There are 2 protein chains.
Amino acid sequence: MVTDQVGTARTPGRPRSEKAEKAIIEATIDMIAEGATVSEVSIEAIAARAGVGKTTIYRRWSGKEDLVLDALASLKAPLPALDAPTVRENVVRYLAAMQHESHNRRTRCIMNIAMSESERFPHLAERFREIAIKPRREALRSVLQQGVASGELRPDTDVEVAMASLTGAMLFFTKWRDNDDPLPADLADRIADQVLSGLRP
Amino acid sequence: MVTDQVGTARTPGRPRSEKAEKAIIEATIDMIAEGATVSEVSIEAIAARAGVGKTTIYRRWSGKEDLVLDALASLKAPLPALDAPTVRENVVRYLAAMQHESHNRRTRCIMNIAMSESERFPHLAERFREIAIKPRREALRSVLQQGVASGELRPDTDVEVAMASLTGAMLFFTKWRDNDDPLPADLADRIADQVLSGLRP
DNA sequence: GCATTGCGAAACTACCGCGTATCGAAACTT
DNA sequence: AAGTTTCGATACGCGGTAGTTTCGCAATGC
């Protein structure tokens with residue numbers, strides 16, 4: 001946004017506070033991560049939580065959607081390294097990362113929006129998948145496709161269905177399990193092994 | 001609520017309109033099915049849509065949450081008949097029903113609440129799983145357990161992981177596919193076959 | 001007929017969020 | 001020192017919703 005062009009004359013007057021800007025974005029992300037809908041997050045609440053005047057928000061963003069969009073752009077999901085020699089090991093890493101990050105603040109934020117707001121804020125949701133979802137899917141897709149190419153997976157494997165089975169299973173556990181028991185530590189292994197080996201004898 | 005005790009003296013005055021009551025519940029369900037959050041559904045909007053005065057609503061329910069709870073209780077999800085001879089066929093029926101009902105009004109309502117509101121309205125979400133989710137899960141669990149007992153599935157099958165892989169995969173397609181292409185008609189078969197057979201050669 | 005209760009509509013108070021405007025103070029450039 | 005811009009705080013008008021009350025009318029039992 002603000003380009004501190006080196007050597008160029010700075011604008012006169014008090015410079016905008018980076019600290020305030022960060023506090024605003026942090027507050028926004030926090031509230032969404034805590035389960036608030038985009039509709040429910042109010043500019044007033046963000047301002048209060050960030051210890052900032054509303055003016056400071058409106059000076060930077062035109063409205064709520066604009067702010068949320070910027071806040072989301074600041075979320076960069078680190079991908080796990082999928083460079084293990086076997087497909088199984090890479091899949092386990094991927095699933096374990098999913099499980100581990102299901103407690104993460106940013107990840108919860110991502111999940112909440114991706115799952116709930118796609119109908120109400122299609123523009124937001126789309127941009128959002130581009131940033132947070134797509135890279136991960138493509139990494140997993142690549143792992144599976146290489147597995148097919150190398151013969152480690154069956155040649156007639158439907159990669160899309162395989163991805164859905166693996167990630168869908170982990171999502172199922174992390175988001176919709178009935179009880180509140182902690183998930184088993186080896187859940188990623190169990191899902192990977194069972195999907196890879198199948199259910200039939 | 002109202003107990004028309006047979007033989008007992010009816011209360012004097014005009015009886016409450018069943019038609020109005022149904023219209024109110026229908027309106028509530030419709031709005032949630034169309035993607036509205038519980039927070040976003042307003043009593044005023046419900047009254048307007050049902051062609052009813054607000055008084056008529058407050059005379060019956062104490063508030064929004066109370067009303068939504070009753071509305072949800074009226075949703076009875078019909079289970080597909082899982083009496084086919086093979087596990088595969090029963091699984092396909094189950095998944096096909098999921099896919100088919102992903103367009104259904106009531107089902108969308110169920111999904112929206114189960115996925116989005118669990119953190120904000122835990123009481124609501126819990127009662128809700130009891131009504132709508134649990135019976136289905138148990139039906140599928142039973143199918144898989146019988147498959148293990150009969151030897152059609154491996155004896156070391158992890159039934160919970162298997163359920164997650166199957167239903168998670170279908171959910172993945174019906175709720176989070178990237179594009180808007182129609183889903184393949186044989187999606188249920190493909191998921192079932194691949195999860196049953198596994199990915200390995 | 002009369003009392004009682006429910007009906008839809010409307011008005012009412014109370015509250016909350018939006019987006020704007022204004023304030024005195026603070027942080028910069030020149 | 002003068003001028004400019006941002007700061008946080010506060011107040012404003014507007015619109016929307018909650019929940020209550022009042023109105024005139026409809027439906028029932030006695």
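**Figure 1. Contacts along chain A.** In this predicted model, 60% of the contacts in chain A with a separation of 6 or more join residues 24 or more positions apart. Take a moment to follow the chain from its N terminus: every step in the run of elements, α-α-α-α-α-α-α-α-α, is a helix. In total, chain A has 9 helices and 0 strands.

**Figure 2. The outline of chain A.** Here the C-alpha trace of chain A spans about 75 × 45 × 30 Å along its principal axes. Its radius of gyration is 21 Å, whereas a compact globule of 201 residues would have a value near 17 Å. Of the 201 residues in chain A, 32% count as buried.

**Figure 3. The largest nonpolar core.** This view brings us to a core of 52 residues, in which Leu95(A), Ile191(A), Leu95(B) and Ile191(B) are those with the most contacts inside it. Chain A gives two or more residues to this core from each of α5 (87-101), α7 (122-150), α8 (159-176) and α9 (187-197), and chain B does so from α5 (87-101), α7 (122-150), α8 (159-176) and α9 (187-197). In soluble globular proteins, nonpolar side chains tend to be buried together.

**Figure 4. A closer look at Leu95(B).** Leaving aside residues up to four places away in sequence, Leu95(B) touches Leu166(B), Met170(B), Ala188(B), Ile191(B) and Ala192(B). A second, separate core has 24 residues, including Val41(A), Ile46(A), Phe128(A) and Ala132(A).

**Figure 5. Where chain A touches chain B.** Each chain brings residues to this contact: 35 from chain A and 35 from chain B. On the chain A side, α6 (105-116), α8 and α9 each supply at least two residues. The largest share of that side comes from α8(A), with 10 residues. By type, the chain A side that touches chain B divides into 14 nonpolar, 12 polar and 9 charged residues.

**Figure 6. The surface near DNA strand D.** Which residues come nearest to DNA strand D? Of the 28 residues around the strand, they are Gly13(A), Arg14(A), Gly53(A), Thr56(A) and Ser42(B). Helices from chain A and chain B take part here: α3 (54-58) of chain A, and α2 (43-50) and α3 (54-58) of chain B, each supply at least two residues of the surface near DNA strand D. That surface divides into 8 nonpolar, 11 polar and 9 charged residues.

How values were computed. Residues numbered from 1 in each chain as written. Chains lettered and ligands numbered in written order. Predicted model: local features only at pLDDT ≥ 70, side-chain atom pairs only at ≥ 80, totals over all residues. Core = buried A, V, L, I, M, F, W, Y, C linked by C-beta atoms within 7 Å. Buried ≥ 20, exposed ≤ 12 C-beta atoms within 10 Å, placed from the backbone. Helix = DSSP H or I, 4+ residues; strand = E, 2+ residues; numbered from the N terminus. Contact = placed C-beta atoms within 7 Å. Nonpolar A, V, L, I, M, F, W, Y, C, P; charged D, E, K, R; others polar. Near = placed C-beta within 6 Å. Rg over C-alpha atoms; globule rule 2.2 N^0.38 Å.
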